[in-house]
Amino acid sequence: MQCSQCQFENPPEMKFCGQCGIGLRLLCASCGVELPPNFKFCGQCGAAVEPLSASAPPSPPSQAETTSPAVLLPDSATEPSPPPTPPEGERKEVTALGCKLAFEEGSGSPPDPEQQLSLASRFSELARIEVERFGGFVQQFSGQSFLALFGAPVALEDHARRAVLAARELVANVAEEAPVILERHGVRWSAQAGIDTGPVVISGGGEVAVGEAIDHAERLQSLAEPGTLLVSGETRKLVAPSVRLESRLDEAGAVSAWQVIGTGAALDGGSPFREETLSPFVGRSRELAVLGELREEAEAGRGQVVGIVGEAGAGKSRLAYEFRKTFRDGRMSHLQGECLSYGSGVPYLPLADMIRRASKITAADDAVQITAKLRTVFDSVGTDLESLPKLLRLLGVREGTESLGELEPQALQKQTFAAMRRVILDASRRSLVVLELEDLHWIDKTSEEFLASLVEAAAAARVLLLLTYRSGYQPRWLDRSYATQITARRLSPADSRAVAAAILDASPVAELTDEVIDEAVGRAEGNPFFLEELARSLAERTSGDEAAIPNTVQGILTARIDRLPETHKRLLKTASVLGREFALELLQELWDRPEPLAPILEELQHWEFLYRAPIEDRVVYGFRHSLTQEVAYQSLLTTRRRTLHARAAAALEALHADRLEDVYDRLIYHYPRADEPQQTVHYLTLFAARAARDNAHREAAQALREALEQAGRLPVEVRDRRQVELLLRLAESLFPLARFPETLERFEHHIGCLDRLDDPSLSAQYHFWLAHTHTYLGNQQETRHHAKSAIEAAGECGDEATEGKAYYVLGRDQFWAGELEEGLEHSRKAVALLERRGEPWWQGQAYWVAGFHHFMLSQHDAALEALERARDIGEALDDYRLDTSWSLGYMYAALGEPEKGIEECQRGLERMQDPLNTAVAMGFLGYAYLEQGEIQTSIKTLREAIEQLEGTGMQQILGWFLAFLGEAHLRVGQPEEAGEIARRGVEISRQARFQVGVELAERTLEEIAQSHDVGS
């Protein structure tokens, strides 16, 4: 017997599926009655029985929410295929239900073992019926308690909803049988249940499941009082809009759980929309216009059938809802029914739902009240009451419908169809009838047959059939001339931003930023539901946390993936390791099954999981939605992920052996996830070197940060040396990014590695970078200590290049301190050493510092010459960082040529590419404007430069520019603001021991004091 849920072939005598655990029951496709395994014709209605297949047991006729979920497999999934692929163990988001049988205190003596066995057996029977009806899987049954999973082994997009319904029904059924149990056994029994939602790890067949959600569900079950159901906070998030809950407090007064005290319309199949919670309705004006035109056709007596099709979350129901809102004049009758994911095996389910809504029948109504309400509807539309019993029987009412039981099933169905059509057509003679059925992809066969008959009858009536369904469902009526299919397209980026911004703006906890909006828009890719859920998830995200895929979105996508044949599912999950797009040749290297890829990939394209990219020179596929790729990847067990990533990296190395540089980005993606730190560090280092050559220092620095972290996992004998080498590379990229505080923190943190190595060559370079960093941070004492340590270590190993760099740092630091003669001598020594060792870039830096020493010593020609030498080196190297234009601009402005100074500074500013040099060039441009007399422009430019410098730690330059800004404010007659700025400049320059900055700022303060003296 083939299981309809997982397609596993079970021996005929089996009662439960050996793969997924669902009950194996043979149902008549016509009337839904359960049949013995060998029947060829239905004993109830005489219909031919389809080939053996399994389904969940039918529910009592009076209950609507019944049967296990329909398994929506593609048509070709039933075609002959290779032997089934054994299912993989995987991660899943599930809802766990823990429930146990309780005997109330005061009921007399506890039941003896024989009674307990009998009661446990009955409880087990009731539990399995309810769990299986709603698509759950009883994972284990132990005595008087059991654990059930919803969403595993086969995923369900509404697993929380199903679990609550199953638990609610089970607790109610146990309570309903309590009087009988008391009479027969002399004890009072009840059920208590707990539910939690969360990730679990399950074995391939679902026999074993492990996760906190399971443990928590069992704890909640133990806390629940007899006859009650408790749910966790995670489950509450998924069902709260449609479930009435009361909080339960722990001893500390905090909410520990929520008790289900009732359900709302949405859980039982009502509208999920509440006007106050709706996001903006955008991007659907064209579709609404088409619906409006078709409405006019229907109102004129030319019936219309409209299908709204789209992927899950495309906004089909929202479009129908907004269309309903356009009927402001009341000139229509609205009928609405919903097909439920767990009701596709229940005949007439959406039609019964439609009748209940139209008649305002509630779950509390008895047979007399139901009859009265339905009679009122018949009277209002003028339908003969002869049809009434047929619809009453459809609603489960037996009083007054007994004679219908004598009819043959086919005849009863025919008369029921006719009665329903008559009511609808009678109503259409009075006004337009809009009949809306949602989620047709879950419709039961009987309701689908009725719908087909109604489509035929509605052609010349004032009827508008509005039907929603997902892509993949094939309506039988599309070939009619009066049938129209509207596709709910994905939202444009602009419309998506409007929706995300509205949701985030309404959140009391979210910070509305372009980055957050862009993240939501980018990941949702125009799917309205995904967009809303992602935006809300981002709104609740704690700073620094990774944004997980919301449970609601994950449930939809996981359920869709799980409906695939096992081989297709395995391939999709294998491909997810390669990212959003992947080359066929690489996927072929990872595929470990005998089935050929081509037909599987073709079917996955047809079912809109994948697309083939329009690339001519190679075959590349991609996931149609990035979230599908993420969900498929997250379902893989960690060990399986590592194996696939390792194989992908090895395949890339083999396929691109002659051009590995082209795939560095993919190798540094796969090797960390393969848990191979040595290869990870190797390729991250190569990637960073290439990025640094391209002046992409942010990318280089990030790669080296990751490499440094991975290097901490290397064997002890190589760990210290590798970490020090990576730090030296990282410093080279952090320097142009002006990340001096980070450089200092990382170098000081790893100083122990350097001490353990006792290598003068590494020590010289290490201390040089510490000295270089400290001088930018204004730490004079530390700068000189580390510069001298670098010179000493470099002398030990003959490293003249590092020695020259260290002398350059000393010369630079002495400029800040005003030790100009000694600083000039060290700068000259640096130039000579660096020229001899072929280090032109650092030689250019040394010339630059020498130029400033010359200038402050009033050796102006020598200063300009040194800066020109530095600029020549920069042009030869094509390195903007050695463009000394802004320094020359400062000097020209200070020498009384501000126009030339402005020209030079602007030239330098145009060439700058990193934040530090850009800020410095801008600051000296502000000074040139000050000397030119363009004071307001000077103030604006200096303020912008100071703002950019604030976070770099470049204290000397900051103090310098504050002195300039104070002087500018003084010149425009703002002495108080000038004084405040100048005092800050003095403080910062003194801390950095920058004598020039101190003198400039103090001069401004003196001028302010003098102006006060004159005024007094």
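**Figure 1. Surroundings of Gly 211 in the predicted model.** Apart from neighbours within four places in sequence, Gly 211 is in contact with Pro 199 and Val 200. Gly 211 belongs to the loop that runs between β9 (209–210) and α3 (212–223). With a relative accessible area of 17%, Gly 211 counts as buried, because buried means under 20%. The C-alpha atom of Gly 211 lies 9.7 Å from that of Ala 96, although 115 residues separate the two in sequence.

**Figure 2. Glu 132 in helix α1.** Helix α1 spans residues 113–133 and includes Glu 132. The relative accessible area of Glu 132 is 3%, so this charged residue is buried. Ala 148 is 16 residues away from Glu 132 along the chain, and their C-alpha atoms are 9.6 Å apart.

**Figure 3. Helix α6 and the elements packed against it.** Helix α6 covers residues 316–324, and 9 of its 9 residues are buried. Among them are the charged residues Lys 316, Arg 318, Glu 322 and Arg 324, along with Leu 319, Ala 320, Tyr 321 and Phe 323. Two helices, α5 (285–299) and α14 (528–539), pack against the buried residues of α6. The strands that do so are β13 (304–310), β14 (332–338), β15 (432–438) and β16 (463–470).

**Figure 4. Contact of helix α14 with helix α15.** Two packed helices are described by the angle between their axes and the distance between the axes. For α14 and α15 (residues 551–562), the axes come within 9 Å and cross at roughly 145 degrees. On the α14 side the contact is made by Phe 529, Phe 530 and Glu 533. On the α15 side it is made by Thr 552, Val 553, Ile 556 and Leu 557. By class, the residues of this contact are 5 nonpolar, 1 polar and 1 charged.

**Figure 5. Arg 705 and its contacts.** Arg 705 is part of helix α23, which runs over residues 697–711. The relative accessible area of Arg 705 is 17%, and the residue is therefore buried. Leaving aside neighbours within four places in sequence, Arg 705 is in contact with Leu 730, Leu 734, Arg 739, Glu 742 and Arg 746.

**Figure 6. The largest nonpolar core, with Phe 961.** This core has 169 residues. The members that touch the most others are Leu 604, Tyr 890, Phe 924, Trp 960, Phe 961 and Phe 964. Helix α35 gives the most to the core, with 11 residues. Not counting residues up to four places away in sequence, Phe 961 touches Ala 919, Val 920, Gly 923 and Phe 924, as well as Leu 942, Ala 945, Ile 946 and Leu 949. A second core, separate from this one, has 47 residues, including Leu 388, Leu 437, Leu 440 and Val 455.

**Figure 7. The largest cavity and its lining.** The model has 5 cavities of 30 Å³ or more, and the largest holds about 360 Å³ of space. Its lining consists of 21 residues, with Tyr 776, Arg 812, Trp 848, Trp 886 and Met 954 nearest the centre. Elements that give two or more residues to this lining are α29 (800–817), α31 (840–856), α35 (915–932) and α37 (955–971). Helix α31 gives the largest share, 5 residues. The lining is made up of 16 nonpolar, 2 polar and 3 charged residues.

Key. Residues numbered from 1 in each chain as written. Predicted model: local features only at pLDDT ≥ 70, side-chain atom pairs only at ≥ 80, totals over all residues. Heavy atoms only, no water. 1 Å grid on protein atoms, 1.4 Å probe; cavity = no way out; pocket = protein on both sides within 12 Å on 5 of 7 lines; lining within 4 Å. Points joined across faces, edges and corners; volume = space filled by probe spheres on them. Helix = DSSP H or I, 4+ residues; strand = E, 2+ residues; numbered from the N terminus. Core = buried A, V, L, I, M, F, W, Y, C linked by side-chain atoms within 4.5 Å. Buried < 20%, exposed > 50% of the residue type's maximum accessible area, 1.4 Å probe, protein only. Contact = heavy atoms within 4.5 Å. Axes fitted to C-alpha atoms, helices over the stretch in contact; angles between N-to-C directions.
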